[in-house]
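Me: I've got a structure open and keep wondering where the labels come from. Could you walk me through the reasoning behind them?

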Amino acid sequence: METRDGEVLHADLVVNASGRNSQFSRMFAELGPIRDTKERAEAGFVYYARHYRDSGNGLPEATRWPLIHQETVTAGTLPGDNGTWSLILVASSRDQDLRALREVDAWDRAIELFPEYAHWARHGEPLTGVQVMSAGQTRRRDLVADGLPVVTGLLAVGDAWATTNTTFGLGLSMSLVQGALLRDAIDTVDVVDHVKLGLAFAESLETTAAPYYRALADWDTHRLAEIDSVLKGERYESADPAWLVIRALDAAKMSHPDLVRALADVGSMLEPRRARPGQTRPHRPDHEPGRRRLPLSRPRTVPPRTAGRHRLTVRATTGSTPNWIRRPDAG
Ligand SMILES: Cc1cc2nc3c(=O)[nH]c(=O)nc-3n(C[C@H](O)[C@H](O)[C@H](O)COP(=O)(O)OP(=O)(O)OC[C@H]3O[C@@H](n4cnc5c(N)ncnc54)[C@H](O)[C@@H]3O)c2cc1C
């Protein structure tokens with residue numbers, strides 16, 4: 001690689017982990033077809049957010065579920081660190097009327113319509129007025145096209161590969177899973193066999209992370225269409241079983257512990273998501289659903305190759321304790 005200052009760096013492999021605004025696909029545009037889903041979206045989601053801090057009364061009472069999707073608005077609670085928290089109202093960018101949510105008074109009245117969350121606005125001290133921002137683009141950039149790497153010696157992980165609707169808070173999990181997939185690919189394929197490594201990594205992304213990406217991209221499409229219908233005074237009808245199931249599961253989640261656990265497992269990437277028929281190549285049997293865990297929680301069996309080098313290892317813990325990551329030399 002050559003840096004902006006003209007320094008030439010040699011490496012067996014370059015990993016692009018430069019995030020959602022990664023310039024790599026633009027830099028490699030002349031090489032050919034990097035499959036970039038980026039399109040000028042007609043509509044997206046807009047956040048209207050307020051942030052609060054503990055004013056001596058402690059944190060607000062926890063909510064039963066952090067997101068509620070109403071007709072044209074989604075409301076969400078976001079606990080922060082240092083005694084802070086946020087509340088978001090999410091609307092379609094096409095919803096002109098809801099632009100009034102920029103005003104604190106309107107926003108405060110709107111949050112009162114969500115009794116499950118309103119106490120989060122009354123509790124504590126507001127840190128901000130209403131902050132308005134785009135919920136970000138759902139976008140993926142593939143470095144393999146027509147069965148071959150578009151560029152060799154370069155792989156992309158995290159947001160540099162794909163970004164999803166930030167409302168669902170899956171970005172960090174997606175990135176960690178991809179880091180673990182990359183680790184596994186490097187463990188099984190010689191790092192200088194660039195074509196084989198690129199294909200192996202792309203394959204593991206396709207079977208493990210891509211179904212999540214597609215499910216969230218499809219959710220966005222349905223949700224925006226649903227909001228459009230409501231704005232026209234119509235009922236949104238869809239025959240897509242994935243949309244119908246996720247909506248039914250969301251509505252019924254608090255009625256049975258198994259349902260809420262199922263939704264939480266999928267929503268936290270603790271369960272593999274099934275690719276939808278026709279959307280991807282057939283699954284390998286070991287990617288079929290069941291209680292098989294995603295790669296982050298798979299026990300490590302391969303020892304670190306280079307002593308003293310900071311290498312992520314991932315250990316699975318049992319029961320309800322979250323999985324955690326540690327460095328081998330961190331004790
Ligand atoms: C508003 C918002 C809310 C979100 N909320 C959540 C949430 O609640 N939960 C969740 O899991 N995820 C959330 N996400 C998504 C999450 O932040 C990302 O998915 C995650 O940070 C991706 O990690 P990454 O390492 O791929 O990229 P990043 O965290 O973006 O890291 C990329 C790094 O590369 C650096 N960089 C870029 N270009 C260069 C360069 N040329 N040279 C050197 N360094 C460079 C950047 O400065 C940055 O530090 C949210 C995202 C947004 C925008």
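Me: What do the buried residues of α3 pack against?

Reply: In this predicted model, they pack against β3 (45-53), β5 (74-79), β6 and α2. The buried ones in α3 (residues 115-122) are Y117, W120 and A121.

Me: How do you know that they are on the same side of α3?

Reply: Look at the directions from the helix axis to their C-beta atoms. Those cover an arc of only 100°, so the three sit on the same side of α3. On the other side you'll find P115 and R122, both exposed. Right after, α3 is followed by G124, with a positive phi near 85°.

Me: What makes N82 exposed?

Reply: The cut-off is 12 or fewer other C-beta atoms within 10 Å. N82 has 6, so it counts as exposed. You'll find N82 in the loop between β5 and β6. Its phi is near 50°, a positive value in a residue other than glycine.

Me: And why is D146 called exposed?

Reply: Same kind of check. D146 has 8 C-beta neighbours inside 10 Å, and with 12 or fewer being the limit, it counts as exposed. D146 is in the loop between β10 and β11, and its phi, near 50°, is positive although the residue is not glycine.

Me: Why is R102 called partly exposed?

Reply: Buried takes 20 or more neighbours and exposed takes 12 or fewer, with partly exposed in between. R102 has 14 inside 10 Å, so it lands in the in-between class. R102 belongs to the loop between β6 (84-92) and α2 (104-111). Not counting residues up to four places away in sequence, R102 touches Y48, V130 and V132. The C-alpha atoms of R102 and G129 are separated by 8.5 Å, with their positions 27 residues apart along the chain.

Me: What puts S22 in the partly exposed class?

Reply: S22 has 18 C-beta neighbours inside 10 Å, and buried would take 20 or more, so partly exposed it is. Its place is the loop between β1 (14-16) and α1 (24-27). Leaving aside neighbours within four places in sequence, S22 is in contact with N16 and A160. S22 and W161 are 139 residues apart in sequence, but 9.0 Å apart in space, C-alpha to C-alpha.

Me: Why does Y236 count as partly exposed?

Reply: With 16 C-beta neighbours inside 10 Å, Y236 is over the exposed limit of 12 and under the 20 needed for buried, so it is partly exposed. Y236 is found in the loop between α6 and α7 (241-252). Beyond its neighbours within four places in sequence, it is in contact with A225, E226 and S229.

Me: What makes the largest nonpolar core a core?

Reply: Its members are buried nonpolar residues joined through C-beta atoms within 7 Å. This one has 28 residues, and V177, L181, F201, L205, A209 and Y212 have the most contacts inside it. β12 (154-156), α4 (171-188), α5 (194-208) and α6 (210-231) each supply at least two residues of this core, with α4 giving the most, seven residues. In soluble globular proteins, nonpolar side chains tend to be buried together.

Me: Which residues is F201 in contact with?

Reply: Leaving aside neighbours within four places in sequence, F201 is in contact with L155, L181, L182 and A185. Apart from the largest core lies another, of 22 residues, with V73, A91, L101 and Y117 among them.

Me: How do you know that the span of α5 is close to the expected one?

Reply: α5 has 15 residues and reaches 21 Å from its first C-alpha to its last, and 21 Å is what 1.5 Å a residue predicts. Its buried residues are L197, G198, F201, A202, S204, L205 and T208. They cover an arc of only 165° around the axis, which puts them on the same side of α5. These buried residues pack against β9 (139-142), β10 (144-145), β11 (148-149), β12, α4 and α6.

Me: Which residues come nearest to the ligand?

Reply: Of the 15 residues around the ligand, G19, G158, G169, G171 and L172 come nearest. The shell divides into four nonpolar, nine polar and two charged residues.

Conventions:
Residues numbered from 1 in each chain as written. Predicted model: local features only at pLDDT ≥ 70, side-chain atom pairs only at ≥ 80, totals over all residues. Near = placed C-beta within 6 Å. Nonpolar A, V, L, I, M, F, W, Y, C, P; charged D, E, K, R; others polar. Helix = DSSP H or I, 4+ residues; strand = E, 2+ residues; numbered from the N terminus. Contact = placed C-beta atoms within 7 Å. Expected span 1.5 Å × (residues − 1).
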